[in-house]
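Analyst: Pick any label you don't trust, and I'll hold the value up against its definition. Where shall we start?

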Amino acid sequence: MNTRTVGFIGLGIMGVPMATHLVRAGFDVVVWARSAAPVDELMSLGARPAADVAGVFADAETVVLMLRDEAAVDDVLRRGSASFAEMVAGHTVVQMGTFTPAFSRTLAREVGDAGGRYVEAPVSGSRGPAIEGTLVGMLAGDPDAAAHAEPVVAAMCAQTFRCGEVPSALAMKLAVNTFLITMVTGLAETFHFADRAGADLDLLRDILAAGPMASVVSRGKAEKLTADDLSAQAAISDVLKNARLAEDAAHEAGSDHPLITASRELYEEAEAAGHGRLDMIGVIAALAARAERTDDRSPKVRAI
């Protein structure tokens, strides 16, 4: 039994299964969320609830944040108030969300100035890998702090990689996201074209799965399309946020990013059409809408 206490804040689509793995690994897990359902679920597995964020920090030296956006992190940590320093002093804050490198760099400095330690630990993977424990973790920070956080991150991941100082893990994550987003967007385009050309979509799925380009992601997304199951593993709205982050980071680095720009535009169209909660492969809806604006042929794949 691992007697180390770990706090977990951010019990969303990925946070709940990630915290579940911490409980199953034997950590004493303290959780907090604004809604009761995810807390109740984790309590049934052995986690302990905290009354508020301060209660999580009071009970746990290491606190994991898996929050949706930068504003949520600022709100939870009460940045800009005296309570921020009081709360993070003497603690290791493990930030696992995907944000801008500049945000992470500044937060690391502020946590350090307050007497705490900060580790950046974004993960590659969506809800499925989070449930299966097959996420890939990328860590950045002071070597001692990263070593201290790594067993916690490793309990939620199949592999972990040290990337250097903050914000190198987020730079790595955004590079990984560039490949993921453009690959899945290309897969959606492939199925849209095949559908318009009259090809058998089930056969296309099987041919792609048998070929050298196949991956866990391509097989899973192709299966979701042909099974008409667009429940979110990684929702369009979340992927759009990540596409924007990758595009902005590329511009800041002086890197040309035409594929992520084209993908971002499609995800914006899909979200604007009300598809933001669908799985990212549901971006095919934006391609279908473009086609319908040019002629009256109706595609067989309906991402709605």
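User: Why is Asp-228 called exposed?

Analyst: Exposed means over 50% relative accessible area, buried under 20%, and partly exposed in between (1.4 Å probe, protein chains only). Asp-228 comes out at 56%, so exposed is the right label. Keep in mind that this is a predicted model, where local features need pLDDT of at least 70 and side-chain atom pairs count only at pLDDT 80 or more, while totals for chains, interfaces and linings use all residues. Residues are numbered from 1 along each chain as its sequence is written, and side-chain values use heavy atoms, with hydrogens and water left out.

User: Where does Asp-228 sit, and what stands out about its phi?

Analyst: Asp-228 is in the loop between α11 (216-226) and α12 (236-253). The helix labels come from DSSP runs numbered from the N terminus: H or I with at least four residues for helices, E with at least two for strands. Its phi is near 55°, a positive value although the residue isn't a glycine.

User: What label does Arg-78 get for accessibility?

Analyst: Arg-78 has 34% relative accessibility, so it counts as partly exposed. Its phi is positive too, at about 55°, and again this is no glycine. The residue belongs to the loop between α4 (70-77) and α5.

User: And what makes Gly-90 buried or exposed?

Analyst: Gly-90 has a relative accessible area of 53%, so it's exposed. You'll find it in the loop between α5 (82-88) and β5 (92-95). Setting aside neighbours within four places in sequence, Gly-90 is in contact with Glu-61, Gly-115 and Gly-116, where contact means heavy atoms within 4.5 Å.

User: How do you know that the peptide bond from Val-166 to Pro-167 is cis or trans?

Analyst: Look at omega: it is near 10°, and the bond is cis. Pro-167 lies in the loop between β9 (157-164) and α9 (168-197).

User: Why is α1 described as largely enclosed?

Analyst: Of the ten residues of α1 (residues 15-24), nine are buried, so the rest of the structure largely encloses this helix. Among the buried ones are Val-16, Met-18, His-21 and Leu-22. The buried residues of α1 pack against several elements, including β1 (5-9), β2 (28-32) and α8 (143-154). After α1 comes Gly-26, with a positive phi near 100°.

User: What about β1, and which way do its residues point?

Analyst: Five of the five residues of β1 are buried, so β1 is largely enclosed as well. Thr-5, Gly-7 and Ile-9 point one way, Val-6 and Phe-8 the other. That is the general habit: side chains in a regular strand alternate between the two faces of the sheet.

User: How do you know that β1 and β2 pair?

Analyst: Pairing takes at least two DSSP bridges between the strands. β1 and β2 have five, in the parallel sense, and Val-6 has Val-29 of β2 as its bridge partner. β1 also runs parallel to β4 (residues 62-65), joined by four bridges, with Phe-8 opposite Val-64.

User: What handedness does the unit of β1, α1 and β2 have?

Analyst: It's a right-handed β-α-β unit. That is the name when, with the strands pointing away from the viewer, the path from the first strand over the helix to the second runs clockwise.

User: What counts as a nonpolar core?

Analyst: A set of buried Ala, Val, Leu, Ile, Met, Phe, Trp, Tyr and Cys residues joined through side-chain atoms within 4.5 Å. The largest one has 32 residues, with Phe-8, Leu-11, Met-18 and Met-96 touching the most other members. The helix α1 gives the most to this core, five residues. A second, separate core of 29 residues includes Phe-84 and Met-138.

User: Last one: why is the chain called as compact as a globular protein of its length?

Analyst: The globule rule is 2.2 Å times the number of residues to the power 0.38, and the radius of gyration is taken over C-alpha atoms. For 304 residues the rule gives 19 Å, and the chain has 20 Å, which is close, so the description holds. The C-alpha trace spans about 60 × 45 × 35 Å along its principal axes, and 50% of the residues count as buried.
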